[in-house]
Amino acid sequence: EPPPPADGPTMLVTFRREDDSLVDVYFTKRPLGLDFAKKVPIIMKRVRDNAEEIGVQPGWIIEKVGDTDITDMTFKTAFK
């Protein structure tokens, strides 16, 4: 897994890939470029911009944001 970028603000998101492995992705720019339905599990429908540049793929599922596991949360709670 790549280390976090050395400078500037970052947002760590852990995704579950289609092969069931986990990958940490550090977002450093906005917009993130993630397109998903507003329901859980949060599955990527399309990726563009920053997400595409750093390798996020359609079909990946958000597991954690930072250190917070969102897998058992409602969509509304996960996006507070």
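**Core, loops and two cis prolines**

Q: Leaving aside its neighbours within four places in sequence, which residues is Ile42 in contact with?
A: This is a predicted model, so local features need pLDDT of at least 70 and side-chain atom pairs count only at pLDDT 80 or more, while totals for chains, interfaces and linings use all residues. Residues are numbered from 1 along each chain as its sequence is written, and side-chain values use heavy atoms, with hydrogens and water left out. Contact here means heavy atoms within 4.5 Å. With that cut-off, the partners of Ile42 are Phe36, Trp60, Ile61, Ile62, Ile70, Phe75, Ala78 and Phe79.

Q: In what order do the elements run from the N terminus?
A: Helices (H or I, at least four residues) and strands (E, at least two) are DSSP runs, numbered from the N terminus. The protein has two helices and six strands. Going from the N terminus, the order is β-β-β-β-α-β-β-α.

Q: Which element gives the most to the largest nonpolar core?
A: A nonpolar core is a set of buried (under 20% relative accessible area, 1.4 Å probe, protein chains only; exposed is over 50%, partly exposed in between) Ala, Val, Leu, Ile, Met, Phe, Trp, Tyr and Cys residues joined through side-chain atoms within 4.5 Å. The largest one has 18 residues, and Phe15, Phe27, Leu34, Ile42, Met44 and Val56 have the most contacts inside it. Two or more residues come from each of S1 (11-16), S2 (22-27), S3 (34-36), S4 (44-47) and H2 (75-78). The top contributor, with three residues, is S2.

Q: What is the radius of gyration of the protein?
A: It's taken over C-alpha atoms, and the globule rule is 2.2 Å times the number of residues to the power 0.38. For 80 residues that rule puts a compact globule near 12 Å, so the protein agrees with it at 12 Å.

Q: Where does the proline lie whose cis peptide bond starts from Arg30?
A: The Arg30 to Pro31 bond is cis, with omega near -5°. Pro31 lies in the loop between S2 and S3.

Q: Which residue joins Pro41 through a cis peptide bond?
A: Pro41 belongs to the loop between S3 and S4. With omega at about -5°, its cis partner is Val40.

Q: Is Asp20 buried or exposed?
A: Asp20 lies in the loop between S1 and S2 and has a positive phi of about 80° although it is not a glycine. Its relative accessibility is 53%, so Asp20 counts as exposed.

Q: What is the relative accessibility of Asp49?
A: Asp49 lies in helix H1 (residues 49-53), and its phi is positive, near 50°. Asp49 counts as partly exposed because its relative accessibility is 40%.
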